[in-house]
Amino acid sequence: MTLLDFESDQLAEFAAQVRKDYDELKAKNLKLDLTRGKPSSEQLDFAESLLALPGEGNHADADGADVRNYGNLKGITDIRNLWAEVLGIDPALIIAGDSSSLNIMFDLISWSYTFGNNDSVRPWSQEEKVRWICPVPGYDRHFTITEKFGFEMVTVPMLEDGPDVNAIKELVKDPLVKGMWAVPMFANPTGITYSEEVSRELAALETAAPDFRIIWDNAYAVHSLTDEFPPIIDIVALAAKAGNPNRFWAMSSTSKITHAGAGVSFFNSSPENLAWYMEVAGVRGIGPNKVNQLAHARYFGDAEGVRAIMRKHAGSLNPKFTRVLEILDRRLGEYEVARWTKPEGGYFISVDVIDGTASRVVELAKEAGIALTGAGSSFPLKDDPNNRNIRLAPSLPPVEELEIAMDGVATCVLLAAVEKLGA
């Protein structure tokens, strides 16, 4: 029997028990945090030996250049070839940068806004407005970038195999629609992976704007929760075959593979897009941190070295995700007051509660000492029109803390539900 099927006296009795449970939860004086998908200390320790690399006297890359010096905007051959092998792409079409791919994404949008990109008729700042497609629920930091530039963000629903392509096809008939966000593998926060069919349709879109771009953020390309790694679509090659070689700005990084704040970022795109990027990047700076790039190349060794460390991450993360899903099912499953994703990779679990109650769940959790990502954070401008989505980040706390936190979250979901039902 679901909560919606309870008779009034049953609901009243159940509500009384839930309120008792919540009072006991608050009495524990918890201080737990499920807000951001940070790697745990255990995960960061996997790459501890990286801190000693490349080592004294070891500062020449594969081309014989001294990585301690200025230059080489594209990044060193060693890490570019290795990462191209990981992704299954052409190493000539990848640039290695500094620690954050978000920085590159911001630059690409900023420079398109200021100067126009290589397919622009004019800088985006000179357009009447700029509209940007945002699959939802999606990655809050993506939305923050386009929000900062004042773009009109248009949402499309995320389906089981990727974003709603039919809705996107209609939107791109507007020449003011300049781009779209995409997290194609183990998406944040749903864990969905785009199908090959959806990827091909996005590559082949007919767009009114000649400078339309899809930022293809493959942040979780190798972040499986198992020992198996799904195939990675070479989206740049797919777009070239479809006659749209400049369609994609593809991103990835090592940030949650080695050290989150000290990794290497990568930008994969067409020769023309890369040339445009480097022309502006060469004005902004003289080159990336090549010492760190060489250290990573030495640490990984090859693509299999990347997969080996990712198996360690899966060993750390999988029990946490499994436990969260078990608690959700045990505490909430029979009442049908929430539904949630069951990801096979990535860093998040997306939970939909009863419409109109997500913000109340977050409020109740905060009062009980459990910090959750704000309701609506997975939507542009933090505005979830149904007030139903909550993003869970199980990675940082140890399992024993995670169990306490999730049991508390389940209590908050039930209390918000009985309040909504008037009990």
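What follows walks through a predicted model, from the chain as a whole down to a few individual residues.

Taken as a whole, the chain folds into 13 helices and 13 strands. Its radius of gyration is 23 Å, close to the 22 Å that the globule rule gives for 423 residues, so the chain is as compact as a globular protein of that length. Along the principal axes, the C-alpha atoms fill a box of roughly 75 × 55 × 35 Å. Burial takes in 57% of the 423 residues. As for contacts with a separation of 6 or more, 77% of them come from residues 24 or more positions apart. The accessible surface adds up to about 17800 Å², and carbon and sulfur atoms account for 49% of that.

One part worth a look is an open sheet of three strands, put together in the order 10-11-13 with antiparallel pairing. Strand 10 (338–340) and strand 13 (389–392) sit at the edges, each pairing on one side only. From one strand to the next, the twist averages 25 degrees. Strand 11 (residues 349–353) and strand 13 run antiparallel and are joined by four bridges. In one bridge between these strands, Asp-352 is partnered by Asn-389 of strand 13. Helix 11 (residues 303–332) packs on this sheet and touches strand 10, strand 11 and strand 13. The direction of helix 11 makes about 160 degrees with that of strand 10.

Helix 11 also turns up in the surroundings of helix 10. Helix 10 (residues 290–300) has nine of its eleven residues buried, so it is largely enclosed by the rest of the structure. The buried set runs from Lys-290 through Asn-292, Gln-293, Leu-294, Ala-295, His-296 and Ala-297 to Tyr-299 and Phe-300. These buried residues pack against helix 3 (77–87), strand 2 (94–96) and helix 11. Both ends of helix 10 have something to show. At its start, a side-chain oxygen of Asn-289 comes to within 3.2 Å of the backbone nitrogen of Val-291. Just after the helix, Gly-301 takes a positive phi of about 85 degrees.

Two of the buried residues of helix 10, Ala-295 and His-296, are also partners of Leu-50. Leu-50 lies in the loop between helix 2 (41–45) and helix 3. Despite that loop position, Leu-50 counts as buried, at 5% relative accessibility. Setting aside neighbours within four places in sequence, the contacts of Leu-50 are Thr-258, His-259, Ala-295, His-296 and Tyr-299. His-259 is 209 residues away from Leu-50 along the chain, yet their C-alpha atoms are separated by 8.9 Å.

A charged-looking name can still belong to a covered residue, as Arg-131 shows. Arg-131 is found in strand 3 (residues 131–136). Its relative accessible area is 17%, under the 20% cut-off, so Arg-131 is classed as buried. The side chain of Arg-131 is joined to that of Glu-152 by a polar contact of 3.0 Å. Beyond its neighbours within four places in sequence, Arg-131 is in contact with Glu-152, Val-154, Asp-174, Leu-176, Val-177, Lys-178 and Gly-179.

Definitions and conventions
Residues numbered from 1 in each chain as written. Predicted model: local features only at pLDDT ≥ 70, side-chain atom pairs only at ≥ 80, totals over all residues. Heavy atoms only, no water. Pairing = 2+ DSSP bridges. Axes fitted to C-alpha atoms, helices over the stretch in contact; angles between N-to-C directions. Contact = heavy atoms within 4.5 Å. Buried < 20%, exposed > 50% of the residue type's maximum accessible area, 1.4 Å probe, protein only. Polar contact = N/O pair within 3.5 Å; in protein donor to acceptor, adjacent residues only side chain to side chain. Rg over C-alpha atoms; globule rule 2.2 N^0.38 Å. Areas by Shrake-Rupley, 256 points an atom, 1.4 Å probe, with all protein chains shown as cover.
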